[in-house]
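Q: Please take a close look at a single residue in this model and describe how it sits in its strand, what it touches, and how the rest of the chain is laid out around it.

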Amino acid sequence: MPARERLTATVSTKGQVVLPKAIRRTLGWEAGTRLVVEEAPGGVLLKPAAAFPATRPEDVFGCLPADRPRSVAEMEAGVLAEAKRRHEGG
């Protein structure tokens, strides 16, 4: 989409706005994409909503069961195995 191209949208009586297809395609926003709407100087800012709420390590520490404590070497081996699995598409 050329940077100078001006696209417009109209607010419906229900307050709905349809974003131009070129914008949705460029940003990869498909039907059902949840957006965060923020006021910004001179308008609004739309951003994709986070898939999961923000958490802190202390909120989730110890949530997963473990049959025994793991060594650093075992954890590193597990991370490496998962990275290989994802890279190989399996």
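A: **Glu-38 and its surroundings**

Glu-38 is partly exposed, with a relative accessible area of 31%. In this predicted model, that label applies because the value lies between the 20% limit under which a residue counts as buried and the 50% limit over which a residue counts as exposed.

Glu-38 belongs to strand S1. Strand S1 covers residues 35–40 and pairs with strand S2, residues 43–48, in the antiparallel sense. Six bridges hold the record of that pairing. Two of the pairs can be named: Val-36 has Lys-47 as its bridge partner in S2, and Glu-39 stands opposite Val-44 in S2. The two strands form a hairpin, with two residues between them. Gly-42 lies in the turn and has a positive phi of about 80°.

The contacts of Glu-38 fit into this picture. Leaving aside residues up to four places away in sequence, Glu-38 touches Gly-43, Val-44, Leu-45 and Lys-47. Strand S2 runs over residues 43–48, so these four contact residues carry numbers within that strand. Two of them also appear in the named pairs: Lys-47 is the bridge partner of Val-36, and Val-44 is opposite Glu-39.

Further along the chain, Val-60 is 22 residues from Glu-38, and the C-alpha atoms of the two are separated by 29 Å.

The hairpin is one part of a protein with three helices and two strands. From the N terminus on, the elements run α-β-β-α-α. For the overall dimensions, the C-alpha trace spans about 60 × 30 × 25 Å along its principal axes. The radius of gyration is 22 Å, whereas a compact globule of 90 residues would have a value near 12 Å.

Burial and contacts can be set beside those dimensions. Buried residues make up 3% of the 90 residues, and Glu-38, being partly exposed, is not one of them. Among contacts between residues at least 6 apart in sequence, 3% join residues at least 24 apart. The protein exposes about 8,700 Å², of which carbon and sulfur atoms supply 58%.

As for charge, the protein has 14 positive and 11 negative charges, and their mean positions are 10 Å apart.

Notes. Residues are numbered from 1 along each chain as its sequence is written. This is a predicted model: local features need pLDDT of at least 70, side-chain atom pairs count only at pLDDT 80 or more; totals for chains, interfaces and linings use all residues. Side-chain values use heavy atoms; hydrogens and water are left out. The radius of gyration is taken over C-alpha atoms; the globule rule is 2.2 Å times the number of residues to the power 0.38. Buried means under 20% relative accessible area, exposed over 50%, partly exposed in between (1.4 Å probe, protein chains only). Contact means heavy atoms within 4.5 Å. Accessible areas come from the Shrake-Rupley method with a 1.4 Å probe; for residues, only the protein chains shown count as cover. Lys and Arg count as positive and Asp and Glu as negative; His and the chain ends are not counted. The place of a charge is taken as NZ of Lys, CZ of Arg, CG of Asp or CD of Glu. Two strands pair if DSSP finds at least two bridges between them.
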